Amino acid sequence: MLNLDFSLLNWGLIQNFILKGLWFSIFLTAVATAGGIFFGTLLALMRLSGRKWLDAPAALYVNVMRSVPLVMVILWFFLLVPLMIGRPIGAEYSAVVTFVAFEAAYFSEIMRAGIQSIPRGQVFAGQAVGMTYAQNMKLVILPQAFRNMLPVLLTQTIILFQDTSLVYAIGAYDLLKGFETAGKNYGRPIETYLMATVTYFVISYSLSSVVKAINKKIAIIR
Amino acid sequence: MAMDWMVFCKDTLTGDVMPGCLGSGRDITYLNWLFSAWGWTVSVSLTALVVALVVGSLIGVIRTLPSSPWLARLGNAWVELFRNIPLLVQIFLWYFVLPALVPPMKNFPPFILVVLALGLFTSARIAEQVRAGILALPKGQRYAGMALGFTTPQYYRYVLLPMAYRIIIPPLTSESMNIFKNSAVAFAVSIPELTQYALQVGEETARPIEVYLAVTVLYAISALVINRIFAWIEKRARVPGFVSSGTGAGGH
């Protein structure tokens with residue numbers, strides 16, 4: 001039986017190795033959620049536009065993204081983005097671009113379901129009071145769609161936070177990498193993997209408790 | 001940017017293009033290696049799927065048992081535990097941490113460790129679906145089974161589960177496609193599957209675009225085949241007059 005020694009866990013270790021990774025994981029989650037919802041909503045609107053030349057490319061993009069493992073998408077972007085912009089970029093920058101592009105596909109499916117959950121009468125009512133398509137979307141449909149889909153959007157954000165650990169594939173410095181580097185430096189990899197497990201669990205579990213509370217609140221309003 | 005597909009016909013050691021593209025004996029081409037990597041992806045995924053279905057059904061069922069609050073709590077804890085830790089971290093736990101804490105596990109082959117990691121990770125999601133499927137049935141079904149004098153295992157086996165599984169075929173389909181995608185994470189512990197192949201051969205041949213394309217297409221084909229198999233099962237198992245319902249969006 002191996003002797004576990006957690007005495008290496010102190011403020012110095014957290015400051016030197018963990019915080020940098022934690023901030024990047026949180027930053028990546030936040031940017032990918034915001035960017036993913038923005039581009040995802042655009043993709044959803046393209047798919048629901050009823051115009052084939054808008055619908056077909058959006059559907060192709062979403063289906064391709066959804067049928068490829070995230071790790072492969074991360075590797076693809078790390079390979080292609082520097083070729084396209086003509087200069088090398090860091091793993092962290094590449095990770096941000098990848099996650100926004102990848103999550104847009106998943107968020108677009110959620111937003112599409114959200115927009116479709118709004119009764120047709122709402123659209124007609126907007127049109128009847130003389131709103132343009134953009135006004136109707138912005139003032140009537142999307143606010144309701146967001147509200148209906150809030151629990152699903154948040155659940156997807158928790159999954160997204162866990163998925164940020166996959167930037168391991170291109171060596172970006174995230175929360176997991178922080179613990180791993182600390183483990184290597186102190187020669188205590190088992191302990192730091194366990195600490196990483198607890199950290200991810202505590203963050204994800206707290207977030208999912210928040211989602212449950214929001215679910216209950218929404219259930220009461222209706 | 002010109003593609004060079006002959007890269008797959010090259011011998012992995014000498015780099016010479018082999019006639020017929022496939023090597024023989026110990027001389028293998030990158031194409032041979034690609035098929036072997038695909039084999040690893042398929043075997044890891046399918047074995048993990050079996051583990052996930054068995055464990056997930058068990059956990060899903062005990063969460064719906066009447067008058068066993070402790071079993072239900074155990075089931076809930078299982079789901080929360082495996083759902084709130086990233087898969088990559090779980091793979092590291094199985095591969096590095098558990099063998100260090102439990103010495104007999106040092107003799108487990110990496111294949112088994114990765115299958116357990118992927119299988120139990122997915123079991124939490126399948127447990128949720130099985131539970132949802134059982135709870136979606138009208139309460140009367142359970143009571144009808146009890147009224148006929150069935151024991152609890154009997155009415156689960158003959159009344160509840162056959163319908164519950166039919167209801168959850170659509171989410172089970174996407175979970176089975178997910179398991180193929182998630183198996184890519186096994187690259188982190190050097191299982192010679194498709195993603196590991198992409199990383200290693202992409203570097204070795206300096207032809208990453210061709211290699212990534214081939215790997216991506218094989219992932220897509222795998223997912224499509226699984227999708228078709230489940231569609232076939234769904235069609236074969238359909239009960240006339242019974243409309244099954246899908247579940248919400250989201251997830252990976």
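**Exercise 1. What covers the buried residues of H7(B)****?**

Solution. The model is predicted, and local features need pLDDT of at least 70, side-chain atom pairs count only at pLDDT 80 or more, while totals for chains, interfaces and linings use all residues. Residues are numbered from 1 along each chain as its sequence is written, and chains are lettered from A and ligands numbered from 1 in the order in which they are written.

Step 1. Fix the terms. Helices (H or I, at least four residues) and strands (E, at least two) are DSSP runs, numbered from the N terminus. A residue is buried if 20 or more other C-beta atoms lie within 10 Å of its own, exposed if 12 or fewer, and partly exposed in between, with C-beta atoms placed from the backbone. Two residues are in contact if their C-beta atoms, placed from the backbone, lie within 7 Å.

Step 2. List the buried residues of H7(B): B:Pro171, B:Leu172, B:Ser174, B:Glu175, B:Ser176, B:Met177, B:Ile179, B:Phe180, B:Lys181 and B:Asn182. Because ten of the 14 residues are buried, H7(B) is largely enclosed by the rest of the structure.

Step 3. Name the cover. It includes H1, helix H3 (87-101), H4 and H9 of chain B.

**Exercise 2. Compare the end-to-end distances of H7(B) and H9(B) with their expected spans****.**

Solution. The expected span of a helix is 1.5 Å times one less than its number of residues.

Step 1. H7(B) has 14 residues; 20 Å is expected, and the distance from its first C-alpha to its last is 19 Å, which is close.

Step 2. Helix H9 of chain B (residues 208-237) has 30 residues and should span 44 Å; its end C-alpha atoms are 43 Å apart, which agrees.

**Exercise 3. Describe the surroundings of H9(B), and of B:Val215 in particular****.**

Solution. Step 1. The buried residues of H9(B) include B:Val211, B:Tyr212, B:Ala214, B:Val215 and B:Leu218.

Step 2. Their cover draws on both chains: it includes helix H2 (52-67) and H3 of chain A, together with helix H1 (30-62), helix H7 (169-182) and helix H8 (194-205) of chain B.

Step 3. Leaving aside neighbours within four places in sequence, B:Val215 is in contact with A:Met72, B:Leu194, B:Tyr197 and B:Ala198.

Step 4. Place B:Val215 in the core. A nonpolar core is a set of buried Ala, Val, Leu, Ile, Met, Phe, Trp, Tyr and Cys residues joined through C-beta atoms within 7 Å. The largest one has 120 residues, and A:Val71, A:Met72, A:Ile74, B:Leu88, B:Ile91 and B:Val215 touch the most other members. Helix H4 of chain B (residues 110-136) gives the largest share of this core, 13 residues.

**Exercise 4. How many residues of chain A are in contact with chain B, and which element gives the largest share****?**

Solution. Step 1. On chain A, 34 residues are in contact with 32 residues of chain B.

Step 2. On the side of chain A that touches chain B, two or more residues come from each of helix H3 (70-85), helix H4 (91-116), helix H6 (133-163) and helix H8 (189-221) of chain A. H8(A) gives the largest share, eleven residues.

Step 3. Sort this side by residue type. Ala, Val, Leu, Ile, Met, Phe, Trp, Tyr, Cys and Pro count as nonpolar, Asp, Glu, Lys and Arg as charged, and the others, Gly among them, as polar. The division is 24 nonpolar, eight polar and two charged.

**Exercise 5. Is B:Asp4 buried or exposed, and what is it in contact with****?**

Solution. Step 1. B:Asp4 is found in the segment before H1 of chain B. B:Asp4 is exposed because 11 other C-beta atoms lie within 10 Å.

Step 2. Apart from neighbours within four places in sequence, B:Asp4 is in contact with B:Arg207 and B:Glu210. B:Asp4 and B:Glu210 are 206 residues apart in sequence and 7.2 Å apart in space, C-alpha to C-alpha.

Step 3. Take B:Arg157, in helix H6 of chain B (residues 152-167), as a second case. B:Arg157 counts as partly exposed because it has 13 C-beta neighbours inside 10 Å.

**Exercise 6. Summarise chain B and its confidence scores****.**

Solution. Step 1. Chain B has nine helices and zero strands. Of its 252 residues, 39% count as buried.

Step 2. pLDDT is the predictor's confidence in each residue, from 0 to 100. Chain B averages 91, and 95% of the residues score at least 70. Over residues 245-250 of chain B the pLDDT is below 50, and this stretch has 13 contacts in the model beyond near neighbours in sequence. Where pLDDT is low, the predicted coordinates should not be read in detail.

Step 3. The model scores ipTM 0.91 and pTM 0.91.
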